[in-house]
Amino acid sequence: MEMIDFNAKKGFLCDMDGVIYHGNHILPGAAEFIHWLQDTHKEYLFLTNNSGMTPRELHQKLWRMGLDVPEEHFYTSALATAAFLADQAPGCSVYALGEAGLLNALYDRGITMNDVNPDYVVIGEARAYSLDTLTKATNLVLAGAKLIGANSDTCGPTDEGIAPACRALIAPVEIATGKQAYFCGKPNPLMMRTGLRMLGCHSGEAVMIGDRMDTDVISGMESGMSTVLVLSGVSTRATLDEFAYRPSVVLDGVGDIPRLAQQG
């Protein structure tokens, strides 16, 4: 594996869950990493496949944990989904299963809610998910609505253990209708390119940091960025053997980055 000169990199795209926090607990070294980004005037953006929270809610979540990260440093799969739909079909209507983050992002892009004859069925993580809402979504897709998923994560860590995530929640609709969903979050290159554009960076100047090989590392690698896999979330060193590609660097956690930069 190559080493990365973190001091020379201009921009940092970073996953959140399993990298900065786990549930409602800050991870070791995360505060030092964020302070290093801010103190060294790096461009940084937290890219999360969590579609449930708005950038303001993510800001407040980190604030409760003692970290001050302004709202403009967050980009979610909900925002990526809304941007995709606004580009594809401006003013379209959707039947959406999701939390405030997804619904707000759609409203902000001029997309309206419609449970009769929507252009799209959009599914993110949703506590209101039930057999009734699944049945509704299935029949709307069978009637012609296109199926969109906020992200392709199958599961995610919570304080109670592992919870089914968007890919698992949308699978029943795919199976019942025979239609495949289109996913807008990582590792979709559209989300990655938007992140780089927000940072004002070329891919060669940027680093992608995450705890998942199948979303974070592959998205960074395919976008031409250096990649860091941290072992503070879902991946272990054994996980590396399951994939044909490699991250640039494997670290125990993001707290290793300022330490390596100081040694640099």
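How many of the 5 residues of strand E14 (residues 226–230) are buried? The count is 5 of 5, so strand E14 is largely enclosed by the rest of the structure. This is a predicted model. The points below start from that strand, then turn to an open sheet, two pockets, aromatic pairs and two backbone details.

**Strand E14 and its neighbours**

- Burial holds on both faces of E14. Ser226, Val228 and Val230 are buried on one side. Thr227 and Leu229 are buried on the other.
- Strand E13 (residues 206–210) runs parallel to E14, and 4 bridges join the two.
- Within that pairing, Thr227 of E14 has Met208 opposite it.
- The chain leaves E13, passes through helix H8 (residues 213–222) and arrives at E14. This β-α-β crossover is right-handed.
- E14 also pairs with strand E15 (residues 249–251), again in the parallel sense, over 3 bridges.
- Val230 has Leu251 as its bridge partner in E15. Val230 is also one of the buried residues of E14.

**An open sheet of 5 strands**

- The strand order in this sheet is E7-E6-E8-E9-E12. The pairing is parallel.
- Strand E7 (112–113) and E12 are the edge strands, each pairing on one side only.
- Inside the sheet, strand E6 (residues 93–97) is joined to strand E8 (residues 120–123) by 4 bridges in the parallel sense.
- Tyr95 finds its bridge partner in E8 at Val121.

**The largest pocket**

- Its volume is about 910 Å³.
- The lining of the largest pocket counts 32 residues. Closest to the centre are Asp17, Asn50, Glu125, Pro157 and Thr158.
- Four elements give two or more residues each to this lining: helix H2 (55–64), strand E10 (155–158), strand E11 (161–164) and H8.
- H8 is also the helix of the crossover between E13 and E14.
- Which element gives the most to the lining of the largest pocket? E10 does, with 4 residues.
- By class, this lining has 14 charged residues, 9 polar and 9 nonpolar.

**The second largest pocket**

- This pocket holds about 250 Å³ of space.
- Of its 14 lining residues, Ala80, Ala83, Phe84, Leu190 and Thr194 are the closest to the centre.
- Two helices, helix H3 (77–88) and H7, each supply at least two residues of the lining of the second largest pocket.
- The lining of the second largest pocket divides into 7 nonpolar, 4 charged and 3 polar residues.

**Aromatic pairs**

- The whole structure contains 7 aromatic pairs.
- Phe33 and Trp36 form a stacked pair, because their planes lie at 25° with the ring centres 6.5 Å apart.
- Both residues of that pair sit in helix H1, 3 residues apart, or about one turn of the helix.
- Phe33 and Trp36 are both buried.
- The Phe33 and Trp36 rings belong to one aromatic cluster that also takes in Phe6 and Phe12.
- Tyr44 and Phe46 make an edge-to-face pair, with 5.9 Å centre to centre and 75° between the planes.
- Tyr44 counts as buried at 6% relative accessibility. Phe46 counts as buried at 0%.

**Two backbone details**

- Which peptide bond is cis, with omega near 10°? The bond runs from Lys186 to Pro187.
- Pro187 lies in the loop between strand E12 (182–183) and helix H7 (189–199). That loop thus links two topics above: E12 is an edge strand of the open sheet, and H7 contributes to the lining of the second largest pocket.
- His41 is not a glycine, but its phi is positive, near 60°.
- The loop between helix H1 (30–39) and strand E4 (43–48) holds His41.
- Is His41 buried or exposed? His41 is exposed, with a relative accessible area of 68%.
- Helix H1, which precedes that loop, also carries the stacked Phe33 and Trp36.

Key:
Residues numbered from 1 in each chain as written. Predicted model: local features only at pLDDT ≥ 70, side-chain atom pairs only at ≥ 80, totals over all residues. Heavy atoms only, no water. Buried < 20%, exposed > 50% of the residue type's maximum accessible area, 1.4 Å probe, protein only. Pairing = 2+ DSSP bridges. Right-handed = clockwise from strand over helix to strand, strands pointing away. 1 Å grid on protein atoms, 1.4 Å probe; cavity = no way out; pocket = protein on both sides within 12 Å on 5 of 7 lines; lining within 4 Å. Points joined across faces, edges and corners; volume = space filled by probe spheres on them. Nonpolar A, V, L, I, M, F, W, Y, C, P; charged D, E, K, R; others polar. Phe/Tyr/Trp six-rings, centres within 6.5 Å; stacked < 30°, edge-to-face > 60°.
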